[in-house]
Every structure is written in C-alpha cells, then in structure tokens.
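Please open the structure in your viewer and keep the selection tool at hand. The tour below proceeds stop by stop, stating what to select and what is found there.

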Amino acid sequence: MSRHLLVTGGAGFIGSNFVHHVLARTDHTVTVLDKLTYAGHRASLDGLPVERVRLVVGDVADAAVVDPLVAEADAVVHFAAESHNDNSLGDPTPFLHTNLVGTFTLLEAVRRHGTRLHHVSTDEVYGDLALDDPQRFTEATPYNPSSPYSATKAGSDLLVRAWVRSFGISATLSNCSNNYGPRQHVEKFIPRQITNLLDGVRPRLYGAGLNVRDWIHAEDHSSAVLRILEAGQSGRTYLIGADGERSNKEVVEMILRLMGRDPGDYDHVIDRAGHDLRYAIDATPLRQELGWSPQFRDFEAGLAATIDWYRDHEAWWRPQKAATEAKYAEAGQ
Ligand code: NAD
Ligand code: DAU
C-alpha cells in the first residue's frame with residue numbers, strides 16, 4: 001500500500017540512505033524535513049524521482065513548520081539529530097535543542113494528528129560494556145548514557161515512551177549500533193580515515209584504539225527501520241545490530257590494507273573525554289519476531305565498497321573536509 005512518509009533528517013547520512021531505500025523498494029512518497037545543518041546535504045537526495053520526494057528546509061523544533069507536515073503524513077520517521085559525540089563535548093547547546101526540543105515538538109504534532117511515529121535512536125543510550133563482558137545490550141538494559149549527545153538521545157527516547165504511555169500515541173523506537181556506508185560526514189571515524197588517506201594524511205586513532213564498535217551498514221539499518229515501521233508493535237523498542245564488533249585499531253588497519261598502505265601507518269592521538277569502551281547489540285527480537293536479517297554480512301567487502309564511494313564522490317565530501325580537520329586540530333586530534 002502506498003503511503004506518504006515524513007522523514008526528518010533525511011538529508012543526513014542514515015536518513016538519506018533510508019530515503020533511497022524506501023523509494024527503491026516501495027511505492028511510498030516522501031517529504032524530507034531537514035534544517036541542512038553542516039551535516040545535511042541537498043546532494044544526498046540527488047538522483048531520486050522528483051515526483052516522489054520533496055525537501056522542506058526547516059527546523060524540527062519549529063512547530064509551525066512541523067505541524068502541517070505531520071498532518072499530511074501517514075507516518076513519520078524521525079532521524080533528525082545532532083549526531084556527533086566530539087561536537088557535543090565542544091558545545092552541547094544544539095544537541096539539547098534538536099534532540100530534545102525537536103523530538104518534543106514532533107511528539108506534540110503526532111499527538112494532535114494521530115500520526116504513526118518511528119523514533120530512530122542509538123545504542124549509546126545504554127552506556128558501555130567491558131571488553132570481556134559476555135552480555136550485549138538488549139531492550140532490558142538500563143539507560144546509562146555517557147556524553148551530552150547520548151544523554152540527549154536517551155532523553156528523547158524517554159519522551160517518546162512517555163507520550164505512548166500518557167497520551168496513547170502510536171510509536172516505535174529503535175536503538176542501532178554504529179553505521180557505515182556512503183554519504184557519512186567526514187567527521188565520523190571511517191570516512192575521516194578514508195578521506196585522510198586520499199589526502200595523503202595518516203589516520204588518527206583515539207587513545208590505544210582498543211574501543212569496540214558494533215558496525216552495521218546503513219542499508220541494513222534502513223531495511224530494519226522499514227520493517228519496524230511496517231510490523232513493529234507500538235510502544236516497543238527494537239535493537240538493531242548485525243554482529244559486527246571490531247576494535248577501532250582493527251578497522252583502521254583494515255582501511256589501510258584495503259587502500260594499499262602499510263597497516264601500521266597511523267598515529268595515536270589524545271583520547272576522547274568519557275570515551276565509551278564497547279558497544280554490542282543483541283538483535284534477536286528483531287530477527288525472530290519481525291524476520292529481519294542484514295544483507296551486508298561481510299564487513300571487509302562493505303568497507304571496500306565504502307572506500308570506493310569516497311574515492312568516486314570527492315565533490316560530495318571535499319567542501320566539509322578542511323573545516324572538519326581544523327576543528328580536530330584545535331582539539332589535538
Ligand atoms: P547526521 O548528522 O549525518 O544527519 C543528521 C541530519 O539531521 C542532517 O541532515 C541535519 O541537517 C539534520 N538536522 C540536524 N538538526 C536539525 C533540526 N533542528 N531540524 C531538522 N533537521 C536537522 O546523522 P546520522 O548519523 O545520519 O544519524 C541520524 C539518526 O540516527 C540520529 O538520530 C542518530 O542519533 C541516529 N543513529 C546514528 C547512528 C550512526 O552510527 N551514525 C547509529 C544509531 C543511531
Ligand atoms: O553507536 C552509535 C553511534 O555511533 C551513533 O549514535 C553516533 O551518532 C555515531 O556518531 C557513532 O558514535 P561514535 O562516537 O561511536 O562514532 P565516531 O565515528 O565518532 O567514532 C567511532 C570510534 O572511533 C570511537 O570509538 C571514537 C573513535 N575515533 C573517532 C574519530 C573521529 C578515532 O579513534 N579516531 C577518530 O578520528
């Protein structure tokens with residue numbers, strides 16, 4: 001059945017991958033609401049059928065913009081956020097605005113119009129695990145966020161849950177692990193190292209590089225969100241992950257190898273304050289109850305394709321690169 005989706009943050013990394021995924025696999029139409037901050041790119045929506053997708057440039061915390069868009073939508077998928085931990089350590093202000101006030105604004109519109117909502121969140125709300133902890137995050141893991149970014153995402157999740165319980169809105173939530181793939185901002189770990197190498201600069205590893213992230217391709221995150229939108233139970237939280245745990249050191253060495261360089265050819269830099277050690281997702285309910293499974297099971301092949309994407313799309317990332325590196329240089333990273 002054809003539906004009209006409002007996708008907030010659809011010009012960002014995962015939001016744009018989701019919009020491409022939905023337009024290729026359904027006959028839905030999409031309105032993207034995106035403020036086009038430093039992290040949003042109009043070009044990330046290039047090549048999509050213009051009769052099925054429309055971009056509205058605006059703030060998710062602006063009720064006058066949000067309300068009519070929610071009123072006309074059959075469902076809302078909420079990706080818009082300030083998403084980078086390092087930025088949240090430098091200035092938390094926009095994180096509170098977008099992640100908390102933005103989510104609140106959307107919830108009020110959803111409540112007024114009875115529109116179905118899917119809220120996209122992160123595994124970082126659970127804090128971190130020891131490297132040798134046999135347990136992984138599940139829906140029952142208590143919230144314990146570490147950074148201003150993850151604290152605002154945790155707050156946004158709790159707002160959604162409260163609106164379900166107190167006002168009876170129809171909403172699902174998902175908490176996903178670290179994404180990689182095309183159109184990710186060069187501030188993030190994998191694109192930063194790839195584009196550094198393309199520029200002849202050595203990769204930078206925070207601290208000893210032993211921190212573990214549970215990598216999933218953005219395409220698999222998208223298919224999971226679409227599945228939850230179609231079949232998820234209101235009020236439920238679904239954890240999304242693809243059993244992709246790797247240390248940062250392993251990832252940087254793999255990037256170097258795939259780009260024809262010596263795997264030891266990187267530098268250690270100052271560690272991130274409050275740096276979470278390890279994330280790991282148990283996605284059993286999503287797999288067993290909703291029948292979802294990831295398509296990108298070979299991380300090395302997915303990474304090689306991602307490297308090719310950055311090699312082939314310099315015009316997309318180049319405008320962001322110098323300012324991003326200048327900010328890292330100031331922090332000694
Ligand atoms: P991103 O930074 O690449 O994109 C965020 C998008 O939101 C941008 O297009 C930006 O312009 C837009 N935006 C920011 N503030 C806005 C505002 N006030 N109003 C409207 N639009 C605004 O982020 P991403 O990595 O694609 O993450 C998207 C969502 O997925 C976030 O909610 C994030 O918490 C969540 N998430 C990300 C990951 C990951 O690995 N990147 C993993 C799990 C969950
Ligand atoms: O787990 C999901 C989260 O993953 C999302 O909620 C966030 O939006 C997303 O940014 C990501 O958070 P991380 O902080 O894990 O991602 P980041 O790409 O910033 O860093 C990944 C790891 O690499 C982390 O341990 C820090 C490290 N790192 C990062 C950079 C930029 C480095 O060692 N060197 C670097 O240059």
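**First stop: a pair of helices.** In this predicted model, select helix H8 (residues 248–258) together with helix H10 (residues 299–312); the two pack at an angle of about 60°, and their axes are 10 Å apart. Because angles from 35 to 65 degrees are neither roughly parallel nor roughly perpendicular, H8 is described as oblique to H10. The crossing of H8 past H10 is right-handed.

Now display the side chains where the two helices touch. On the H8 side, select Met254, Ile255 and Leu258; they meet Glu300, Leu303, Ala304 and Ile307 of H10. What is the character of the residues in this contact, nonpolar, polar or charged? Six are nonpolar, one is charged and none is polar.

**Second stop: the sheet.** Select the seven strands of the open sheet, which follow the order E3-E2-E1-E4-E5-E6-E11 with parallel pairing. At its edges lie strand E3 (53–57) and strand E11 (237–240), each of which pairs on one side only. On average, neighbouring strands of this sheet are turned by 20° against each other, direction ignored.

For a closer view, select strand E4 (residues 75–78) and strand E5 (residues 116–122), which are joined by four bridges in the parallel sense. Ala75 has Arg116 of E5 as its bridge partner.

**Third stop: helices on the sheet.** Add helix H4 (residues 93–113), which lies across E4, E5 and strand E1 (4–8) and runs at about 170° to E4. Next add helix H7 (residues 218–231), which packs on the sheet and touches E4, E5, strand E6 (171–176) and E11. The direction of H7 makes about 160° with that of E6.

**Fourth stop: ligand 1.** Select ligand 1 and its surroundings, a shell of 32 residues. Which of these residues come nearest? They are Gly9, Gly12, Phe13, Gly40 and Ala81. Helix H1 (13–25), strand E2 (29–34), H4 and E5 each contribute at least two residues to this shell. By character, the shell around ligand 1 holds 13 nonpolar, 14 polar and five charged residues.

**Final stop: ligand 2.** Move the selection to ligand 2, which has 19 residues around it; Ser83, Thr122, Lys188, Phe189 and Tyr206 come nearest. Helix H6 (189–198) and strand E8 (204–206) are the elements that give two or more residues to this shell. Strand E8 gives the most, with three residues. Four residues of the shell around ligand 2 are nonpolar, eight are polar and seven are charged.

Methods
Residues numbered from 1 in each chain as written. Chains lettered and ligands numbered in written order. Predicted model: local features only at pLDDT ≥ 70, side-chain atom pairs only at ≥ 80, totals over all residues. Pairing = 2+ DSSP bridges. Axes fitted to C-alpha atoms, helices over the stretch in contact; angles between N-to-C directions. Contact = placed C-beta atoms within 7 Å. Parallel < 35°, antiparallel > 145°, perpendicular 65-115°, else oblique. Left-handed = near helix turned anticlockwise from the far one by under 90°. Nonpolar A, V, L, I, M, F, W, Y, C, P; charged D, E, K, R; others polar. Near = placed C-beta within 6 Å.
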